[in-house]
Structures are given as C-alpha cells and as structure tokens.
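Here are my notes on this model, as numbered points. Have the structure open while you read.

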Amino acid sequence: MGKRRAGRELLRSLSKKQKKHLREFGEEHPFYDKLLLLLLLDSCFPFQSEDSDKSSAESDSETEVEQVSGYHKLLATLKTSRESESEEEEDESESEEAEESEAEMDSEGSQETGEAEGGEEDKNDVPEEEEATDTAEQMPSQEQADGTDTSCDPRHGVIGEFTDVKHESEFSLETNFMEEESGDCSANKRDSNPFKQHMDKELEDKEVEKMSMLPKTSSQSQWPRLGQLLFSYTLEKHKTLKADKEVDVKQLHLHKPLESTWLKVNKRFLSSVDKPTDSPFTPLQRELFCIMNSYRDLFYPERNALTNGEEIRHAYCLHALNHVLKANAQVLSNNTKRRDRKPGADSEDYRDQGLTRPKVLMIVPFRECALRIVHIFISLLEVNDKKKIDVSNKKRFKGEFGSDPEEKPPNLKRPEDYEAVFAGNIDDHFRIGVAILQKNMRLYAPFYSSDIIIASPLGIRTVIGAEGEKKRDFDFLSSIEILVIDQADIYLMQNWEHVLHLMKHINLLPLDSHGVDFSRVRMLNLNNWSKYYRQTLLFSALQDPQINSVFNKHCFNYTGQVAIRNVPLTGSISHVVVQLPHVFRRLEAESVTSVIDARFQFFIDKVLPEYRDAIMSHTLIYVPSYFDYVRLRNYFKKEDLNFTHVCEYTKKAAVCRARRFFLKGEKQFLLFTERFHFYKRYTIKGIRNLIFYELPTYSHFYSEICNMLKATDSGVDATWTCTVLYSKYDAQKLAAVVGIDRTTQMLQSKKNVHLFVTGEN
C-alpha cells in the first residue's frame, strides 16, 4: 500500500512538463529517473531537493538583465523551481480534457490532408465521413509511433516506466560499452575519416561571424554523371572535390559491417549498369556518395521515382547509417575508456555527444518510403543469413507501415510515374524513432532514445506544434547532424508550410536538459553552432524557387553546399502529340510579390474576354495554386459565368457531375487545380481550348494536359487552342516546358511568343 500511495503522490507532484513527457513518450524524463527510483523503492524516505530550493532562491533574487552565453543557458535548464512546479500542477481531469481537444485538432489536420486524396475512382476513394473515422482510429497508433504505450498513460491510472524496459537499457548509450571484436575503435582513429574530420573541427568565433554575415562564394564544375555542379562556400575554399572514376570500398571509411553488406544490398542496381565493373556503386551513386561522404550539403533536383529513385535512397541510407554507427561507436569506445580508467589517473575530456541523442532526421512523404528505408537499414546491418540482427517491434511496424495485401488495384489506367509515386501505403501522417546499437535495432523508440527519426512533414509538424500550444516539443531536433529531405517536390503538393516550420525549429537550444551529461557534450552544441555542422541532403524531381529557397537560406554547413544545376535542352512541349497552336503570353510584374495580382489582372483584362463568346466553349483553365483557384472561382461566380470547377477537396459525386457537364458543353469553363491532377490523374474529355493560368510545377503535366485533347473525338482539331501566361519570374518552369534556348528568346522579347507543335516534332 505504501508503494501505491507513493506512486499516486508522485503523479500529483509531477509538473506539467513531466506529465507531458510521460504521456508522449511513455516514460519518466531521464533527468528524473533517480527521483522515480527512490520513491518506488523506499517510500519512507521522501526526496528533498535542497539544491533546487537554493537555485530557485538565487534565480528569484537576480534582477539584473545581462547577456548570457549559450553554455550558461543550457546549465540554467538544470535549475528547477518549487513555485513554477506548483503553478504548473493540474489535476488529471484537466489533463484528460486538454488531451482530448488536442487529439481532435490533430484529427482535423489529418482529415484535411485526407480530403485532398479522397473522392477518386481508385483505392483512395473514401467518403469524408469515413475519412474522419479512419483518422480518429489512426490517432492512437500515431501517438504510439513516438514511443507511447497506453499502459503507462496517467489517464488509465497506471504509474510506471516505459514498458520496454529491457530494450531501453539495451539501447542506452550511457550504460553500454564497446565490444572488443567489433573493431570500431580503430575505425574511428583514422585521421582521414571524414566523420572525424567534420565533427572534430573547432570553429572560431570570427569564422561563425563570417558565415552569418558574408555572402557565399561559388564556383562551377562539370562531372561525368551529375553534369553541372555549383559549389558554394563562405569560409576559405576547401579542397576541390573531383568525381572518382574508381572507388574502393575500403577507402570510403565505412563502418565495419557496411563494407561487406553494401555490395550485397546494392547488387540489383549494379546488374542494370550498361558496363559492368567491380565498383560497389552505380555511376550516379558514386558521384552522389562522394559529395555526401565529404559532409557537404547536397541538392539534387533530378530524382525520378521511375528510374533513379531507389538507388538514390540506398545511397543516402548508407551514408546516414554509416554516420550513426560511427557516432555510437565513438561513444561506446569512450565509455569503455572511462570504465577502465585507473583510479587517480588524469581525467580526459570525452566530448562525443550532442545535447540530445537523435542524429539523423529523414523526411519522406509516405509510410511506404519509411518502410523501404527501414528494410534497407536491416539489410545493411545483416552480415549474412546466419547473423540476423534483432529488430524489436518488427511485426507491429510491418502492420502499420505495410500495405494491405487484400487491397485491389485500381481499375483506371494511370501513368507509370503515378504508380511509382503512390505505391504501397500512402498515409502521410506518421513518425517513428529508430535506435541502433551494435547488432540490434529498436523500432518505435522514444525520440530522446532514438538515433534516427523518420517522419512525414505533417507527422513532425504535429509534434513541433505552434506557438501558444500546450502540447509541443522540438528539443529532440537540437542536435540533428544529418537532415535528409527526400522527394521534396511532393511536399509542394501537400503543404510546404510544414517544411518551413521544421526548418525554423531545427538545431535550436533545447528548453530542458533531458538528462544529458554536459561533460560529454561537444562544444559546438554548447555554443549553439549545431546548424553550422549539420549536413542537409535535399532530393527533388524538379527545380522550384521554394525548394531553392530552403537550400539557400536554411543550410549553413561550414564545409559548403553543392547544387546540381543542369538546364533542360528540350522541354516537355516536345512530348505533345496533338497538332496544337501554343500561344505564350507574357505579363509584366514589378516584383515576385506583385506577380500574383498582376497575373489575375492580366487574365481578367486581356485573356478572359477572348473566351467569353459561346464559340469558345469547352475551355479548361489549369490553375496550379489553390489560392488562385479560389480567387478565380469567386470572380466567376460574381460575374455569373457559366462554369464548373474541381479541386483536390471536391467530392467524388461533384467531380463526376463537373466532368459530365463539361463534356456535354452545358458548362463553358472548367476550373481545374494542379493538386487535383497530381492526386487523381483523370483524363478530362471535351477540351477544345486550354488556358494555363500559370506554368505547371511538374513540366510533364504540360504535355499530359495538352494530350488530353486527343481524347475528344469530334473532328475539330483545327479549332483547338492553348494559351499560357508567364512572367520573367517563371524562367525555371518555362525552361522545363520549352527548353533553355526558347526561354532565352522569350524572356528577351516583350511580345507574345507563338509556338506551333505538330505531333512529336
């Protein structure tokens, strides 16, 4: 009875932050483990925090405003105050109400994304009511993905530690030591080790100031496979990076098991190479890994789900896993040195950790992508069939991230790139922590016990929260050393704000200490310089100003950045197979911010009047931006025009009606959003006139939409028209559609440019 009473008293004594951590991760904060242990073992000896009272009194007495360093800010997180704890205390009923309301908010956010994928004639078809139900049912599993176990939830009246106690101790970096046979220590002692070179470099204050104040210097280089590379750096020019023609695995300084497993895992890509060699990489992988292994930031905008997507995924998984294994091996090796240190010997500084454990953050769009990444990790860690690694929670992971085998494929024929992108489980709200220690892997590890976090933008956004929200946490992002953003173009179709929100909260000083041993923390983390050491790997299928902005404004790596900048010689217009006159009409705008209003005014003043006549019926207006779509829809309603509209939120029945009205000519105009086309890929019949309100984000969408005209078998090919609006700020999109040569000519001319396409020529 005494122990139960002590447990209940412990719950009441927990602060709001402690309760939040218990609900979210299913375990007490590591900083309070000793307190929890003492209370549970001996309720007769209550814990008294004299140091806490003393530090609280000292903090209350401080009235002078002074500028403190990042190091002192971190030390201040160790101080606790009785007054603050008492103010933050709340009863369990209030906690329940808050959690229920937050769960509803998360459910609404998830439903909004779900609606964007609903209402189509395939496996994504679900009514809105069913979507809401499915989302609500998925919420418990989403919480569990952070390591939460409902058996430890205070709402259920159970006070206990994280249920996976065995794995928690097994995967703890603080309590484990290096195995002698692994040979990891010697691997980390090599002076030429890129990991050691990058993480051990100590920046000076003047260098950090230089990186934050001065513009970057750039140079160009031509590589055999990647093409045109743009190197950017702020500090002195680093050693010129050249593409290696031949690569020996032993020269890459891979962690011991990866040297033997990589060849086996990557074998299927090597067999497809035109000229088989003994190289462990394909030509693309070799050049990409050369940049990754130098710890420079990388932006590769030519990722293709059909051709090179998987070999790129394997390359960055190898690099991320190699980094984690080396970092953990360094910690375990130093643990062994500290344990074996003789009494009285001089103590050495072993600064080998960050402020929090997570080192790698991987942002991917769908659960299927996370599933493939974990499978690659497992394959890379398994030396042979006899030496299988122990993967905890593997069955649960397959159930939540795998696809339903009984699910029937859609009857509609879709393009190959669509099938490749939307393969498997395409849920876009997830997050999962992965802990790797020597020969074991732990899935669903709590974030603060994880080495790698795999999440979608929406999944990580709901954890970070917004300013003013009670339930939010982003301390686990404080010491991220490698950030991988794969398939960035898809986030433009989801919600790009989630990516920007993440970039604003990564590598910030944590608000709590999270049980860290400050004597083991690297000085770069204590000085709040983590962002200057973080490597960002950004992969996309296209060049876009918003993606470029993230790479240019949110990447501060002291080793510099590498961006692939190949220009398209021929655009997607060459894939238009119908005889169609294309009229590109240039609009003038003073700035990027004013181009939105300038385009709208140009459209309603110059373009729309030409299509108001009944002769110009069957006009489809392609609108990439949802906000422009809403603006045009409201204007059409105000002007009482005969139109219909479809977007990503339109229900299935409304979409069918709109397509039928447009085909029969009952509606003159059809407003059509790019996100609808991205998620559905329907063939719209009855089109005679095309208007691209703005150039498509994906260049191949231009030819796809134009080729829809051949689906109209009416024998009126001569009356087909296509009008495209563009400005000087659309240079990248324009080059992807018409090619670089025509783009140069069109931007130099202020007149309308007429292009005629006959078949494929």
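1. Let's start with Y448 and F476, both of which are buried. Bear in mind that this is a predicted model. The two rings form an edge-to-face pair, because their centres are 6.3 Å apart and their planes meet at 85°; anything over 60 degrees counts as edge-to-face. Y448 sits in the loop between β7 (440–443) and β8 (452–455), while F476 is in the loop between α20 (457–464) and β9 (482–485), so the pair ties together parts that are 28 residues apart in sequence.

2. Compare that with Y622 and F692, an aromatic pair that is tilted, at 5.3 Å centre to centre and 50° between the planes. Here the link is between distant parts of the chain: Y622 belongs to strand β13 (residues 619–623) and F692 to strand β16 (residues 689–692), 70 residues apart. Are these two buried or exposed? Both Y622 and F692 are buried.

3. Y622 and F692 also belong to a cluster linked by ring pairs, and the other members are F584, F672, F676, Y682, Y702 and Y726. Across the whole structure, a search turns up 33 aromatic pairs.

4. Two arginines are worth a click while you're looking at rings. R396 has its charged end over the ring of Y444, 3.7 Å from the centre. R631 does this with F600, its charged end sitting over the ring at 4.2 Å from the centre.

5. On to salt bridges, of which the structure holds 23. One of them joins the side chains of D486 and R303, at 2.9 Å from N to O. D486 is in the loop between β9 and α21 (488–493) and R303 is in the loop between β3 (297–300) and α16 (309–340), so this pair ties together parts that are 183 residues apart in sequence. How buried are the partners? D486 has a relative accessible area of 0% and is buried, and R303 is buried too, with 6%.

6. That pair is part of something bigger: salt bridges that share partners join R303, E310, R313, E368, R372 and D486 into one network. E368 from this network is also among the buried residues of helix α17.

7. So have a look at α17 itself (residues 367–381). Twelve of its 15 residues are buried, so the helix is largely enclosed by the rest of the structure. Besides E368, the buried set includes R367, C369, F377 and L381. The length checks out as well: at 1.5 Å a residue the helix should span 21 Å, and its end C-alpha atoms are 21 Å apart, which agrees.

8. Strand β12 (residues 580–586) is another enclosed element, because six of its seven residues are buried. It pairs in the parallel sense with strand β17 (residues 721–726) over five bridges. Which residue of β17 is the bridge partner of R585? It is L725.

9. R585 has a second job to report: E610 forms a salt bridge with R585, and their closest N and O atoms are 3.1 Å apart. E610 is in the loop between α25 (595–607) and β13, and R585 is in strand β12, so the pair ties together parts that are 25 residues apart in sequence. The two ends sit in unlike surroundings: E610 counts as partly exposed at 44% relative accessibility, whereas R585 counts as buried at 11%.

10. K733 and E694 make a further salt bridge through their side chains, at 3.3 Å from N to O. K733 lies in helix α30 (residues 731–738) and E694 in the loop between β16 and α29 (699–706), so the pair ties together parts that are 39 residues apart in sequence. Both K733 and E694 are buried.

11. Last, a residue in helix α12 (residues 205–213), namely E207. E207 is buried, with a relative accessible area of 15%. What does E207 touch, leaving aside its neighbours within four places in sequence? The contacts are K201, E202 and L235. L235 is 28 residues from E207 along the chain, and their C-alpha atoms are separated by 7.1 Å.

Terms used: Residues are numbered from 1 along each chain as its sequence is written. This is a predicted model: local features need pLDDT of at least 70, side-chain atom pairs count only at pLDDT 80 or more; totals for chains, interfaces and linings use all residues. Side-chain values use heavy atoms; hydrogens and water are left out. Helices (H or I, at least four residues) and strands (E, at least two) are DSSP runs, numbered from the N terminus. The expected span of a helix is 1.5 Å times one less than its number of residues. Buried means under 20% relative accessible area, exposed over 50%, partly exposed in between (1.4 Å probe, protein chains only). Rings of Phe, Tyr and Trp (its six-membered ring) pair if their centres lie within 6.5 Å; planes under 30 degrees apart count as stacked, over 60 as edge-to-face and the rest as tilted. A charge sits over a ring if NZ of Lys or CZ of Arg is within 6 Å of the ring centre and within 35 degrees of the ring normal. Contact means heavy atoms within 4.5 Å. Two strands pair if DSSP finds at least two bridges between them. A salt bridge is a side-chain nitrogen of Lys or Arg within 4 Å of a carboxyl oxygen of Asp or Glu.
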